[in-house]
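Colleague: Please take me closely through one part of this model, the sheet and what lies against it, and then say what can be stated about the cysteines.

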Amino acid sequence: MISLKTLNTPPDEQLQNLGWDWMLGQDTLPYLTNEVVVLRADEADAYYEAANELFEMFVAAGQHIIDENRFAELGIPANLVELIKLSWDDDRNIHLYGRFDLAGGIDGKPIKLIEFNADTATCLPETAVVQYAHLKANGFDESHQFNAVFETLTGQFEELLAMNPDLQPTLLLSAMRDFPEDDANVMLLGEAAREADFEIEFDFVDNVEFSADEGIFWQNPKDGQFEKLDFWFKLVPWESIAEDEPELLKILTEIVRKRLAVILNPAYTLLFQSKYILKILWELYPNHPLLLEADTQPLSGKACVEKVLFGREGANVRILNADGSERQAVDGDYNAYPKIYQEYVEFPKDSTGHSYQAGVFYAGEACGLGFRRGGLILDNTAGFVGHVID
């Protein structure tokens, strides 16, 4: 059973004091609560260790996919394979950050991997800033939370500069237009990059100019001049670029090949993002304590979860009972993708029956924990709940 504690003072004033006024917009705060999940120190440590071990397993699985040429099984668009290999083979293309979604970890229940949001993970502002501010507003010391997301991201950006001394420390961060949650995530990444001595600019992806011979450019609204930036972070899924913008993908492949810019997250993160990797992990590490069985067909005699290879926010997820009947389903826009079936596991619940899924951010190492709260399937209606180590 999930144990909750109510912290009476909301984080609004703390966020304003930190200069994070943009977090107070209506698009972010309504789904936050004044409750936090209470954890023991050893439970927080176990989440940290699990995410670190899982990342090593994902890297081994990624190498296996490349060595065995299993891209098609993962649903990887053929036009993306070359860029995946280019970015994988050059260590200067570091994976900036991602988020592991995990079941269990509380009340002695084993931690189990649900999936890895490796390419375009969100929930950064909630995890890094809001729950920290909530903690401070109620007089708790920061040691009472597993949360070094901002500092660890800053370290990743410093590492990026150290590994790419031939490039200028100029970073453009882009999201798609009309998604305020994405803007908030990109702004937090920009603040971490600024701390690491990057010069940063923000603009929507449709305003960015790309040249296969010159690189990535941003038009400065002050003087109308185009400025080249040597690093580009895009909160746009790689599979969407490959499927919807094949000409842009050709240009990006040339940009990476010619070292005209570093693109974050690198294209190889789509190997980790595809839920087919859950099957490959089970092949490579059968019965590993952090894994759930996964296959391309429903699991015989076991309740399982049907997922599409590139679904997001619980869309197009179905829970199937052991006899194959449907327990619950969520519609969505991703149904054309192939399916994968993962053994069903109960999420921890609170006294009102809400389910809790742990999200552990990974940025070179595991660095922060938050929880999403909702029903049997955690979709885009799920709330965010912080935590306190007591």
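**The sheet and its surroundings**

Modeller: Leaving aside neighbours within four places in sequence, Phe-140 is in contact (heavy atoms within 4.5 Å) with Lys-5, Leu-7, Leu-135 and Val-388. The model is a predicted one, in which local features need pLDDT of at least 70 and side-chain atom pairs count only at pLDDT 80 or more, while totals for chains, interfaces and linings use all residues. Residues are numbered from 1 along each chain as its sequence is written, and side-chain values use heavy atoms, with hydrogens and water left out.

Phe-140 is found in the loop between α4 and α5 (149-163), where helices are DSSP runs of H or I with at least four residues and strands are E runs of at least two, numbered from the N terminus. Its C-alpha atom is separated by 33 Å from that of Ile-200, although the two residues are 60 apart along the chain.

Helix α4 (residues 124-137), which precedes that loop, packs on the sheet and touches β2 (32-39), β17, β18 (366-374) and β19 (383-389). The direction of α4 makes about 50° with that of β19, the axes being lines fitted to C-alpha atoms, for helices over the stretch in contact, with angles from 0 to 180 degrees between N-to-C directions.

The sheet itself is open and has seven strands, in the order β1-β2-β19-β18-β17-β3-β4, with mixed pairing; two strands count as paired if DSSP finds at least two bridges between them. At its edges lie β1 (4-6) and β4 (112-117), each of which pairs on one side only, and the twist averages 35° from one strand to the next. Within this order, β3 (residues 98-103) and β17 (residues 355-362) run antiparallel to each other over five bridges, and in this pair Phe-100 stands opposite Val-360 of β17.

As for the cysteines, the count of disulfides (cysteine sulfur atoms within 2.5 Å) comes to zero. For Cys-367 the reason is distance, because the closest cysteine sulfur, in Cys-123, is 13 Å from its own sulfur, too far for a bond. Cys-367 also counts as buried, at 2% relative accessibility, where buried means under 20% relative accessible area, exposed over 50% and partly exposed in between, with a 1.4 Å probe and protein chains only. Cys-304 is likewise buried, with a relative accessible area of 1%.
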